[in-house]
Amino acid sequence: MAEGKYRIGLVVDYISSEYVQKLYNGVLSYCQKNHMTVLVFPIGQLCNKEFSTDYQYLSVAAHLTAANIDGLIFASGAELEKASTDYLTSYINSFRPLPVVSVGAVLPGIPSLISDCCMGFGNLISHLIEKHHFKRIALMGVTGNSEEGAERTEIYRRTLKDHDIPVDDSLLLYGLFTYQSALQALTIYEKQHECIDFDAIVALNDDMAYACIDFLKQRNIRIPEDIAVTGYDDLERSLYINPSLSTINQNIEGQGYAAADIIFHSLKKDSVPVCTRVPSRPVYRRSCGCSCISTDGRKQTEYNATEWCQKRQQFIKVVQLFSNVQSNMTIETLRHRINSDLMGFDIPAAAVCLFQNPIAADPFEFFPLPEKAFLFSAFDTAREFQTCGDEHTLYFNPQKQMLPDGILSGNEMFVVSLFCNTVNYGYIVFRLGSYDITVYAMICKMFSSMLASAFNFTKVESERKKLEKDYELVNHISLTDEMTQLLNRRGIMLLGQKTLEIASAMSQSGMVLFGDIDGLKKINDTFGHSSGDYAIKMEADFLRNSFRSTDIIGRLGGDEFVIIATELNEKKFHFIQQKLNEACSKWNQSANAGFVLSISLGYTFFSPEKKQYVLKYLLEEADASLYKKKKNRKNILPDISVKL
C-alpha cells in the first residue's frame, strides 16, 4: 500500500474534529512535498470511562508497528483530558523503537511540539482590557490533566495582574473542552450568583465559546455590547456564527507540518529539538467589539454560503443513506453494496478488512490482533480496481501486514476500527474524498452498525433456514399428529421454542394461542368417538386455513390446539377469530352432522418489552386466558354443542 519513502503514522483521538483535520492537513502537506505516506489512526480517548465502548477505537493502534509505519506523530493534547502525563508517556514509549513526536503536550523523553500561546493569548486578554476597557473578565477553564489548559489559565492570571486587575477566583468556571460542559458551568455560575455579573468571558477553546454565546443569547444578553466572548482555536465555524468569534489561531497546520519535519529528521538520524514552539496569534472579530481583522490587518471573510450549503447537502445525503439501510440484510448483501455506497460519498479508495471471527473484547490497553482476517471488499478508482467477494476470498495475517499487497494506492489513508458495542469486526482503510471529514466519521460509525446488524441477521437467517429444514423433516422425525397432520406435542415444544428463540434474537413480538373445541365431551358421549375425531379434524383444517403457513400450528393432545405466531397482534387476532367463526358457522349449516362445531381460544403475548420467550410459561398464560374466557362465557351462554 505505501508508496512513499517513509510511512508516517498520525495518531489522533477522533477524525471528526476540525483540530484533527487541520493537523492532518499540515502533516499531509509536508509528506506530499517530501514523497512520504501518512496514515491516520483515530484511537479515541485513552482512559475515557464516560463512553463504555470507546476503548474499541484503540484496536487500530495494534497496527502501529514497523511493518506498517516508520515514524509516529501523536496528538497528545486531547489525550491529556483523561489520561495522566505519566500514563500517556508510557503508552507512547510502548511503540519504540519507532521515532515518535508529541503534538500538543510536552512529554518527558519524547520530542514535543506545542503552540506558543503566551504571546497570542496574552495579547488577546490585553486587547480586551486596553482596547475595550473590560475589567471583570471571566475564564471558561478546564478540569483534568490538560497541560495546555493549565498554561492558558496561568497566562490569564498573569495578564490580569500585569494590568493591576485582581484575580477573582469566583470568575473561574470549569468545563471539559466541550460545548455541553460549558453550558453546565455557566448554569451553575448563574444559580450561585443569581445573575451573570462579568463583562467578558475568555474560553479556552472555541466549542466552549460557542456555548457561552448561545447561553447569553438565551438570556437576551447582547454580545459584545453587554458581554464580550472570545475563544481559542480559530475553528471554521468561528467565522460563520453571529457575532463572529474573536479567538486565537494556533497555526495547527503549521504544527502538523513541523511535527512531520521532526519525524523526517529523526528517521535520517539527525538531531531534533526536545521542544518546539509554534507561535499563535489573536484574531479579532465582532464578539469582542472589533471588525473582522487579524493582527496583520487583513480583512477576514465572514461567511461562505456556498460552502455551508454544500456541507448541508452532504449531511442530508448521510441521513438518506441511513434511511435506505434501515432494513435487514445479510452479510453478502452488504458486501455487494458497500463499495458503491462508499463511492457515492466521493471516497476514491477503500478496503474493508474483517477478522475471520468477530472478537468480543472487554476494555483493553493493547488489542490482540488475530492471525487471520479477510478482505471483505475493496476498490481503488485510480486503478479501476474493485472486489466485493465475487472472486476467491483473500485471507491474510493482520499481525504481519495491515492490507494484502497491492490493494490500495495513494500516499494518505485513514485506518478506522469497525465495532459495535463490545464486538470488534475489523477495520476500514480509506482515502478522503471531497466531503467534510465529519461525514466520513459518521459513515464509518454507520457502516459499523450495518455490519453488526448484517452479522446478526445472517445468523438469524441461518437459524431460520435450519428451522425450515427441520420443519420439512417433521414427518421423518415423528413430530406430526397422525389424525390432523398438524404438529404433535413434541413438534410444538421443539419447533415452537426455536421459533421463539429466533423472535427473541430479532426483537420480534407475537402471540401464543391455546384453544380447545367447545363441547367435545358431549359430542363423544352423544355421537361416539368417531364423530369427536371428525370434529377435531375439521377444526384442525379451519385453523390451518386461518393462519399463515409460517405460523406454528399443532395439536397438543385431545381437542387442545396451540398456535405460535410472530408479528400477530390483538387486532389481527380478532380478524382471524372472526374468520374461524365464519368457517365453523358455514360448516354447521351445511354438514348436517348433528352437532355444532366451534373453538375457544385464549392467548398471551411475547415481546422485547415483556422479555418472555419461554414456550412453557407462555402456554400456561394462554391456557389461563382460555379458562377465564370459557368460564365467563359459560355463565352467559347455554351449551349448544349438540343441535336440538
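# A walk through strands, bends and a cavity

Let us begin at one spot: Ser-102 stands opposite Ser-112 in strand E5. Strands such as E5 (E, at least two residues) and helices (H or I, at least four) are DSSP runs, numbered from the N terminus. Before we go on, please keep in mind that this is a predicted model, in which local features need pLDDT of at least 70 and side-chain atom pairs count only at pLDDT 80 or more, while totals for chains, interfaces and linings use all residues. Residues are numbered from 1 along each chain as its sequence is written, and side-chain values use heavy atoms, with hydrogens and water left out.

Which strands pair with E5? One is E4, which runs parallel to E5 over two bridges; two strands count as a pair if DSSP finds at least two bridges between them. Another is E11 (residues 275-279), joined to E5 by five bridges, again in the parallel sense. Within that second pairing, Leu-113 has Thr-276 as its bridge partner in E11. E5 is mostly covered, with four of its five residues buried. Here "buried" means under 20% relative accessible area, "exposed" means over 50%, and "partly exposed" is in between (1.4 Å probe, protein chains only).

E5 also leads us to an empty space. Searching the whole structure gives three cavities of 30 Å³ or more, and the largest of them has a volume of about 60 Å³. A cavity is a set of points on a 1 Å grid over the protein atoms alone, where a 1.4 Å probe fits but cannot get out, and its lining residues have an atom within 4 Å of a point. Grid points are joined across faces, edges and corners, and the volume is the space filled by probe spheres set on the points. Among the residues lining the largest cavity are Ile-114, Ser-115, Glu-147, Arg-152 and Gln-250. The elements that give two or more residues to this lining are strand E5 (112-116) and helix H5 (147-162). H5 gives the most, with four residues. By class, the lining has three nonpolar, three polar and four charged residues. In this count, Ala, Val, Leu, Ile, Met, Phe, Trp, Tyr, Cys and Pro are nonpolar, Asp, Glu, Lys and Arg are charged, and the others, Gly among them, are polar.

Gly-104 and Ala-105 belong to that cavity lining, and they also have a link to helix H2 (residues 76-79), where Gly-77 is placed. Leaving aside neighbours within four places in sequence, Gly-77 is in contact (heavy atoms within 4.5 Å) with Val-103, Gly-104 and Ala-105. Gly-77 counts as buried because its relative accessibility is 11%.

Now let us look at some unusual backbone shapes. Where do cis peptide bonds occur? One joins Arg-96 and Pro-97, with omega about 15 degrees, and Pro-97 sits in the loop between helix H3 (85-93) and strand E4 (100-103). Another joins Asn-242 and Pro-243, with omega about 0 degrees; Pro-243 is in the loop between helix H8 (237-240) and strand E10 (247-249).

Two residues catch the eye for their phi angles. Glu-194 is not a glycine, although its phi is positive at about 60 degrees. This residue is in the loop between helix H6 (179-193) and strand E8 (200-203). Is Glu-194 buried or exposed? It counts as exposed because its relative accessibility is 73%. Asp-233, also a residue other than glycine, has a positive phi near 140 degrees, and lies in the loop between strand E9 (228-230) and H8. Asp-233 counts as buried, because its relative accessibility is 13%.

Helix H6 also holds Ser-181, which is buried, with a relative accessible area of 11%. A polar atom of the Ser-181 side chain lies 2.8 Å from the backbone nitrogen of Leu-176.

Our last stop is strand E20 (residues 510-517). Eight of its eight residues are buried, so E20 is largely enclosed by the rest of the structure. Gly-510, Val-512, Phe-514 and Asp-516 point one way, while Met-511, Leu-513, Gly-515 and Ile-517 point the other way. E20 runs antiparallel to strand E22 (residues 560-566), with seven bridges, and Val-512 stands opposite Ile-564 there. E20 is also antiparallel to strand E23 (residues 599-606), with eight bridges, and Asp-516 has Ser-600 as its bridge partner in E23.

Notes
On a 1 Å grid over the protein atoms alone, a cavity is a set of points where a 1.4 Å probe fits but cannot get out, and a pocket is an open set with protein on both sides within 12 Å along at least five of seven lines; lining residues have an atom within 4 Å of a point. A polar contact is a pair of N or O atoms within 3.5 Å; within protein, one must be able to donate a hydrogen and the other to accept it, and residues adjacent in sequence count only if both atoms are side-chain atoms.
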